[in-house]
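Work through the exercises below with the sequence and the structure at hand. Each task is followed by its solution.

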Amino acid sequence: MSTNSMYAQMGVSDKVLAFGEKVLEELRGQFSRIDAIAEHNQAKVIAAMQENNLAARHFNLSTGYGYDDEGRDNLENVYASVFHTEAALVRPQITCGTHALTLALSANLLPGDELLSPVGAPYDTLEGVIGIRPTVGSLAEYGVTYRQADLLPDGTFDYEAIGKAINEKTKLITIQRSKGYATRPSFSVAQIGELIAFCKQCKPDVICMVDNCYGEFVEELEPSDVGADMVVGSLIKNPGGGLAPTGGYIAGRKDLIERCGYRLTAPGLGREVGSNQGILTSFYQGLFLAPTVVSGAVKGAVFAAACYEKLGFRVIPASSEIRRDIIQAVELGSAEGMVAFCKGIQAAAPVDSYVTPIPAPMPGYESDVIMAAGAFVQGSSIELSADGPIRPPYAVYFQGGLTWYHAKLGILMSLQKMLEAGLIEL
Ligand SMILES: *Cc1c(COP(=O)(O)O)cnc(C)c1O
């Protein structure tokens, strides 16, 4: 059977296929740039593993307290080498990205300190963590205040407002690399470097933390290469390479990471405890695959942008733009559009392809959210997924794909469902 009839059997019509192939022809330049970045990052990861003499004994299981867990400690050294930092905390006990960010913040902010976001509102779940939305256990409850400098209308940093917002209480500055559920642009590592330099000029001892979710390995440099004191992310996103079944990381300055260890476990115990329960091979191997996996996801994002752009939808970023993260926002303009798009992504999944996504409330999010994912790891968004809050401008955020071919199938299926719902014409 030819590949095309294979696709036809899965429900992708000739019309949709022909449209997709035509769009692809124009993306060769973008794709070769993406491949070059993956090659660089693959070398970086291998070098980090070699530098730390990674060996079979590092995959051993530990239980109980996890004292003398060489594999766990070495994994943290490998992460520190990849991110060019003094130390790292990489643990299965960190349950998600929000948890990793909460750790980094609560470990390094004390009562009376102030947290500043110079890039506008943070990711939805952090509103609860910070206490922007009153929440039990928030930083606000512990006497940590919060200030925010919004971006300028064109999505750039408002240096004047940031300079004014930094004061004697400002202890930590949180910079979100990826747009998350906003329609602002995501920042390049170079832009983040400029922002950090400005903040440190205003206050040399201020801690600069970057929420690195969705950004890892999209560029050759990471924010820790341009002055970030801590970078934070989730292992069921980019750096887990699709194999890590859970976990989060914080890489950065040794004194800050030590405090994160004390907050994760207990003061006095810190990073000395925490058993790996046999999970380490997936962490190491996932990190090894991550540069390639991320490049497939980025190709999927570019392809989605190019397809929907051609159909007249607003897409962020545009297909020609250099990528800063793996997220592609497509403004579909209606709840029906979001549902049809997500149905297509779901129908293309290797797991749960028979279920129909519908909008529903989600803990931590203010409006109903629709999510499409058929993942091997629950909620993993390095695997092909699409989601978005049901609110204007009705944008779906499309991300992931462990392989480029799966991402391509997902986008073709989304076009098919849009076509069948009468929402597009080809
Ligand atoms: C995903 C994400 C988070 C939160 O991560 P979870 O693992 O969903 O808790 C935080 N910030 C950004 C920018 C993200 O993309």
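**Exercise 1.** State the mean pLDDT of the chain and find the elements with the lowest and highest means.

Solution. pLDDT is the predictor's confidence in each residue, from 0 to 100. The chain averages 96, and 100% of the residues score at least 70. Strand E11 has the lowest mean, 92, and strand E7 (residues 248-252) the highest, 99. This is a predicted model, in which local features need pLDDT of at least 70, side-chain atom pairs count only at pLDDT 80 or more, and totals for chains, interfaces and linings use all residues. Residues are numbered from 1 along each chain as its sequence is written, and side-chain values use heavy atoms, leaving out hydrogens and water.

**Exercise 2.** Check the span of helix H3 (residues 28-51) against its number of residues.

Solution. The expected span is 1.5 Å times one less than the number of residues. For the 24 residues of H3 this gives 34 Å. The end C-alpha atoms are 35 Å apart, which agrees. After H3 comes asparagine 53, with a positive phi near 50 degrees.

**Exercise 3.** Describe how helix H2 (residues 14-25) and H12 pack.

Solution. Their axes (lines fitted to C-alpha atoms over the stretch in contact) are 10 Å apart, at an angle of about 130 degrees. Angles under 35 degrees count as roughly parallel, over 145 as roughly antiparallel, 65 to 115 as roughly perpendicular and the rest as oblique; H2 and H12 are therefore oblique to each other. Among the residues in contact (heavy atoms within 4.5 Å) are Phe19 and Leu24 in H2, and Trp404 and Leu415 in H12.

Technical notes: Helix = DSSP H or I, 4+ residues; strand = E, 2+ residues; numbered from the N terminus. Axes fitted to C-alpha atoms, helices over the stretch in contact; angles between N-to-C directions.
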